[in-house]
2 protein chains.
Amino acid sequence: MSAQEANDVLERLNNLQRMEARAFGLRYGLQPVQMDALTYLTQCNRYSNTPQAVAEYLGLTKGTVSQSLKVLEQKGFLRKQADKQDKRIVRLAPTSKGSHLIKKALLARSLEPALAMTDSRKIAELTSVFRSILRDMQQTNGRKAFGACHTCRFNEDHEKNGYVCGLTREPLSVQDVQLICREHQYPQ
Amino acid sequence: MSAQEANDVLERLNNLQRMEARAFGLRYGLQPVQMDALTYLTQCNRYSNTPQAVAEYLGLTKGTVSQSLKVLEQKGFLRKQADKQDKRIVRLAPTSKGSHLIKKALLARSLEPALAMTDSRKIAELTSVFRSILRDMQQTNGRKAFGACHTCRFNEDHEKNGYVCGLTREPLSVQDVQLICREHQYPQ
DNA sequence: AAAATTGGTATTGAGTCGAAACTAAATGGA
DNA sequence: TCCATTTAGTTTCGACTCAATACCAATTTT
């Protein structure tokens, strides 16, 4: 049992998940990349629902992503809306059709059933291992983490008074801090 | 710390690895899918080095894969050779140029450095968790496992006398049993 | 007020993808 | 043995992704 082997198993797991995700999307006439974008948009917070953020998340150019989003809008999976403050910015929101689809897709390919059968202490260890790997990768290649607020170093837990984002100073709800943020940074 | 969160972290890790792999391949004029195919071919055993096996591994149709392989051959990353026994079968072998490229790519994106820093007992646990997940996924959606022989239920360890594949009855070397096989099945 | 930056869109050319049609070799009966 | 079937691969086609480039408009900087 080596690091090499762990790496291989993980690699294969990636492959299988990608294959299943592709097959699922195809049944609804969506390309993998469109599924990925829509998935992101159902999970990101209000600072992170723009074309630019989607592009950064997926590691693609904004031009490329712009087209995928156009298709998603045409097919009725999401709505575009100009930002009130900054009129350059486009806000993206999945329609109910869109979020239902993603909910179904996530359920189909989630590892949760499998993970639920394993010891929660093991899962905790495992998550921390991967989180530290993520942190490494993020640093060495300059990508963003795209984690949820509740694991972010800018997130402040004000106990009874809810949460506050240390970057924007805005209050965040219990639901908010579960969402993905493009400004996310792990502590330390 | 929940199964949900473990799932998310893993998801993001997938994304990052894909992004890096894409960027790497692009520097050498190769598409992600071509990198994937070539990677597989440097890691598979002699029963698994055919276009059909590549297609199964990647979850694509044989027609699609056929084109990618043509490009890889044209660019000098692999060689095609008709099988001696069965003339329908094409055997694929990476050239030294091809295997060098993949070696470099794997090194660049390996989790091994990060994993090496974590407790080996943890890694063992982690691997076993993911292996059982893999087994689940493989069963529920009818995909093949594509594991290495030494984790396969058909592999027989004859101690001093080396290994034997229970399917083909052929002897396998120490190196052989580290390779990926399309007939692989996990025990139990 | 002009210049630079930022967020997004449109266009183009190379390439992937699945589906379907196809070839050739092996297999399996009668 | 001969013909049907199966198996391994290739080719072609149309829809689509992708990066690169050029572009536009709003914002920020100088």
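A disulfide, for this talk, is a pair of cysteine sulfur atoms within 2.5 Å. Keep that cut-off in mind, and also that what you see on the screen is a predicted model.

Cysteines to begin with. Searching the whole structure, over all chains, turns up zero disulfides. Take Cys149(B): the nearest cysteine sulfur belongs to Cys181(B), at 4.8 Å, and Cys149(B) is in no disulfide. Seen from the other end, the closest cysteine sulfur to that of Cys181(B) is in Cys149(B), and 4.8 Å is too far for a bond, because a disulfide needs the sulfurs within 2.5 Å. As for accessibility, Cys149(B) has 6% relative accessibility and so counts as buried. Cys181(B) is buried as well, its relative accessible area being 6%.

Now helix H4 of chain B, residues 62–74. With 13 residues at 1.5 Å a residue, H4(B) should span 18 Å, and the C-alpha atoms at its ends are 18 Å apart, so the two agree.

Which residues of H4(B) are buried? They are Val65(B), Ser68(B), Leu69(B) and Leu72(B). Around the axis they cover an arc of only 100 degrees, and therefore lie on the same side of H4(B). Gln67(B) and Gln74(B), on the other side of H4(B), are exposed.

What covers the buried residues of H4(B)? The cover includes two helices of chain B, H2 (32–43) and H3 (51–58), along with strands E1 (78–82) and E2 (90–94) of that chain.

One last item, on the backbone. Gly76(B), just after H4(B), takes a positive phi of about 80 degrees.

Definitions and conventions: Residues are numbered from 1 along each chain as its sequence is written. Chains are lettered from A and ligands numbered from 1 in the order in which they are written. This is a predicted model: local features need pLDDT of at least 70, side-chain atom pairs count only at pLDDT 80 or more; totals for chains, interfaces and linings use all residues. Side-chain values use heavy atoms; hydrogens and water are left out. Buried means under 20% relative accessible area, exposed over 50%, partly exposed in between (1.4 Å probe, protein chains only). Helices (H or I, at least four residues) and strands (E, at least two) are DSSP runs, numbered from the N terminus. The expected span of a helix is 1.5 Å times one less than its number of residues. The arc is that of the directions from the helix axis to the C-beta atoms. Contact means heavy atoms within 4.5 Å.
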